[in-house]
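I opened this model to record how its parts are arranged and how some of its residues are placed. The entries below follow the order in which I looked things up.

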Amino acid sequence: MANPTITIRRPNGEIETVETPKFARINNTLFARIQEATRNAGRGEVLSYDNPRPRFQSRTPHVSDICPRCGTRCYGDCTA
Ligand SMILES: [Zn+2]
């Protein structure tokens, strides 16, 4: 799993994107704290953040898809 990244404008005007292995995910609250801490440390202005997206999304069949009568996904055909 990749780390979230933040984009910072350094005091010298350089824009830099860095990984933040400290955090699994960044949300707006955490972002505000990182922004403030970076500003207070005189290390620049944090412009944005980006969370890694899951590469694979598994779709497990929902329990309600399974018919209680025949135990398959017949969608009611077995009663017809
Ligand atoms: Zn059925």
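**Entry 1: Arg10.** I began with Arg10, which I found in the loop between E1 and E2. Strands here are DSSP runs of E with at least two residues, helices are runs of H or I with at least four residues, and both are numbered from the N terminus. The model is a predicted one, in which local features need pLDDT of at least 70 and side-chain atom pairs count only at pLDDT 80 or more, while totals for chains, interfaces and linings use all residues. Residues are numbered from 1 along each chain as its sequence is written.

I asked whether Arg10 is buried or exposed. Arg10 is exposed, because 12 other C-beta atoms lie within 10 Å. The classes rest on C-beta atoms placed from the backbone: a residue is buried with 20 or more others within 10 Å of its own, exposed with 12 or fewer, and partly exposed in between. Not counting residues up to four places away in sequence, Arg10 touches Glu16 and Gly44; a contact requires C-beta atoms, placed from the backbone, within 7 Å. I also noted Gly42, 32 residues from Arg10 along the chain, with a C-alpha separation of 8.7 Å.

**Entry 2: the overall layout.** I then listed the secondary structure and found one helix and three strands. Read from the N terminus, the order is β-β-α-β. Of the 80 residues in the protein, 6% are buried. I looked up the contacts between residues at least 6 apart in sequence, and 42% of them join residues at least 24 apart.

**Entry 3: the hairpin.** Strand E1 covers residues 5–9, and strand E2 covers residues 15–19. The two pair in the antiparallel sense over five bridges; strands count as paired if DSSP finds at least two bridges between them. They form a hairpin with five residues between them, and Gly13 in the turn has a positive phi of about 95°. For the register I noted Arg9 opposite Ile15 in E2, and Ile8 opposite Glu16 in E2.

I checked the two faces of E1 next. Ile6 and Ile8 make up the covered face, whereas Thr5, Thr7 and Arg9 make up the uncovered one. In a regular strand the side chains alternate between the two faces of the sheet. For E2 I asked why it lies largely in the open. The reason is that, of the five residues of E2, the number buried is zero.

**Entry 4: the sheet.** E1 also pairs with E3, again antiparallel and over five bridges. Thr5 stands opposite Asp50 in E3. The three strands form an open sheet in the order E2-E1-E3, with antiparallel pairing. E2 and E3 are the edge strands, each pairing on one side only. Neighbouring strands of this sheet are turned by 25° against each other on average, direction ignored. H1 packs on the sheet, touching E1 and E3, and its direction makes about 150° with that of E3. Axes for these angles are lines fitted to C-alpha atoms, for helices over the stretch in contact, and angles run from 0 to 180 degrees between N-to-C directions.

**Entry 5: the helix.** H1 spans residues 28–40, and its 13 residues reach 18 Å from first C-alpha to last. That is close to the 18 Å expected at 1.5 Å a residue, the expected span being 1.5 Å times one less than the number of residues. The count of buried residues in H1 is zero, and the helix is hardly covered. Just after H1, Gly42 takes a positive phi of about 70°.

Within H1 I looked up Phe31. Phe31 counts as partly exposed because it has 16 C-beta neighbours inside 10 Å. Leaving aside neighbours within four places in sequence, Phe31 is in contact with Ile26 and Tyr49. Phe31 and Ser48 are 17 residues apart in sequence, and their C-alpha atoms are 8.1 Å apart in space.

**Entry 6: Tyr75.** Last, I turned to Tyr75, in the segment after strand E3 (45–50). Tyr75 counts as exposed because it has 8 C-beta neighbours inside 10 Å. Asp65 is ten residues from Tyr75 in sequence and 7.2 Å from it in space, C-alpha to C-alpha.

Definitions and conventions: Contact = placed C-beta atoms within 7 Å.
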